[in-house]
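Visitor: Hi, could you pull up the model we wanted to go through? I have a few quick questions.

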Amino acid sequence: MQQYDVIVIGGGPGGLAAAYPLAQAGKKVLVVERDLWGGTCPNYGCDPKKMLYSAVQAKSYAARMTSAGLNGIPDINWPKLMAFKRAYTRTVPNGTRSGVTGAGMIAVDGEARFIDERTIAVGQDQYEGQDIIIATGVQPVLPNIRGQELIKTSRDFLDMDQLPQRVASSGPGTSAWSWPTSRPKLAQRYMSSCTATGRCGRFPKTP
Ligand SMILES: Cc1cc2nc3c(=O)[nH]c(=O)nc-3n(C[C@H](O)[C@H](O)[C@H](O)COP(=O)(O)OP(=O)(O)OC[C@H]3O[C@@H](n4cnc5c(N)ncnc54)[C@H](O)[C@@H]3O)c2cc1C
């Protein structure tokens, strides 16, 4: 069985923030990722959101400047914007994985499961770690309601080929809420209608 000082489960920002300094300190580090290297933030979250939103922001600034000498408000071409976003996100997993191996760590693709407190398995292979860091992030939880199969998550929304004319947003959590509303409201700027619902009737400020 292969032995490591530290095994990190999850190749997202949390796992990598722990892994890099440990490797730099001379520890033998293994990182396991079951999906896309880089995790939620650069692949499905912060970065895609900011890339889409930057076009909205540019349009918004232009609109504000029309009375100050700027002619015309630019149109947003959603398919082109999505292609721009995908051109960026496509490079993230390989780039992140190369960073991990380039820093002297071992990168393993697959789902880690515990065998005992110091041993994990990925597929048929087992790895032992003096310490094991669990940095597996979170998953969206869909409400158990009729029509649940029609619900889209933020991940779906940020990768849509076509933008729907109307959207209803549910969930008052910061991440859940920030994708459609990113200052000042991604979805509302693109769409004809955006309706928000929240259990408490209160929404946090977006980060
Ligand atoms: C739409 C959206 C917008 C966001 N915008 C911002 C923002 O603007 N600013 C900001 O600071 N934050 C933002 N966030 C939050 C940010 O993405 C998260 O805080 C961050 O990604 C958390 O990092 P993490 O490493 O803990 O988890 P993750 O990034 O989710 O990484 C965990 C990784 O672990 C892997 N994994 C899980 N289980 C296993 C297993 N058993 N074996 C192997 N691998 C496993 C997963 O595949 C995943 O890649 C946003 C999130 C979303 C959804």
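Visitor: Thanks! To start, do β1 and β2 pair in the parallel or the antiparallel sense, and over how many bridges?
Guide: One note before I answer: this is a predicted model. β1 and β2 pair in the parallel sense, over four bridges. In that pairing, I7 has L30 of β2 as its bridge partner.

Visitor: And what joins β1 to β6?
Guide: Seven bridges join β1, residues 2-9, to β6, and these two strands run parallel. For a spot to click on, take V8, whose bridge partner in β6 is I133.

Visitor: Nice. In what order do the strands of that sheet come?
Guide: The order is β3-β2-β1-β6-β5-β4, six strands in an open sheet with mixed pairing. The edges are β3 (106-109) and β4, each of which pairs on one side only. On average, neighbouring strands are turned by 45° against each other, direction ignored.

Visitor: Which way do β4 and β5 run?
Guide: They run antiparallel, with four bridges joining β4 (residues 112-116) to β5 (residues 119-122). R113 is bridged to A121 of β5. The two strands form a hairpin with two residues between them.

Visitor: How do β5 and β6 run, and how many bridges join them?
Guide: Antiparallel, and four bridges join β5 to β6, which covers residues 125-134. V122 stands opposite D125 in β6, and A121 stands opposite Q126. This hairpin has two residues between the strands, and G123 takes a positive phi near 60° there.

Visitor: What do the pairings have in common chemically?
Guide: Strands of a sheet pair through backbone hydrogen bonds, whether parallel or antiparallel.

Visitor: Switching to helices: at what angle do α3 and α4 pack?
Guide: The angle is about 150°, and the axes of α3 and α4 (residues 78-89) are 10 Å apart. Their crossing is right-handed.

Visitor: Which residues make that contact?
Guide: From α3 you have D47, P48, M51, L52 and A55, and from α4 there are L81, F84, K85, Y88 and T89. By type, the residues of the contact divide into seven nonpolar, one polar and two charged.

Visitor: Now the part I'd dock into. Which residues come nearest to the ligand?
Guide: G10, G12, G14, G39 and G137 come nearest, out of 27 residues around the ligand.

Visitor: How do the shell residues divide by type?
Guide: The shell around the ligand has nine nonpolar, 13 polar and five charged residues.

Visitor: Which elements supply at least two residues of that shell?
Guide: There are α1 (13-24), β2 (29-33), α2 (40-44), α3 (46-64) and α7 (174-181). You've met two of these already: β2, which pairs with β1, and α3, which packs with α4.

Visitor: Last one: which domains give the shell at least three residues each?
Guide: Domain 1 (2-39 + 89-134) and domain 2 (142-207) each do.

Visitor: Great, thanks for the tour!

Note on methods: Residues numbered from 1 in each chain as written. Predicted model: local features only at pLDDT ≥ 70, side-chain atom pairs only at ≥ 80, totals over all residues. Near = placed C-beta within 6 Å. Nonpolar A, V, L, I, M, F, W, Y, C, P; charged D, E, K, R; others polar. Domains from an automatic or database assignment. Axes fitted to C-alpha atoms, helices over the stretch in contact; angles between N-to-C directions. Left-handed = near helix turned anticlockwise from the far one by under 90°. Contact = placed C-beta atoms within 7 Å. Pairing = 2+ DSSP bridges.
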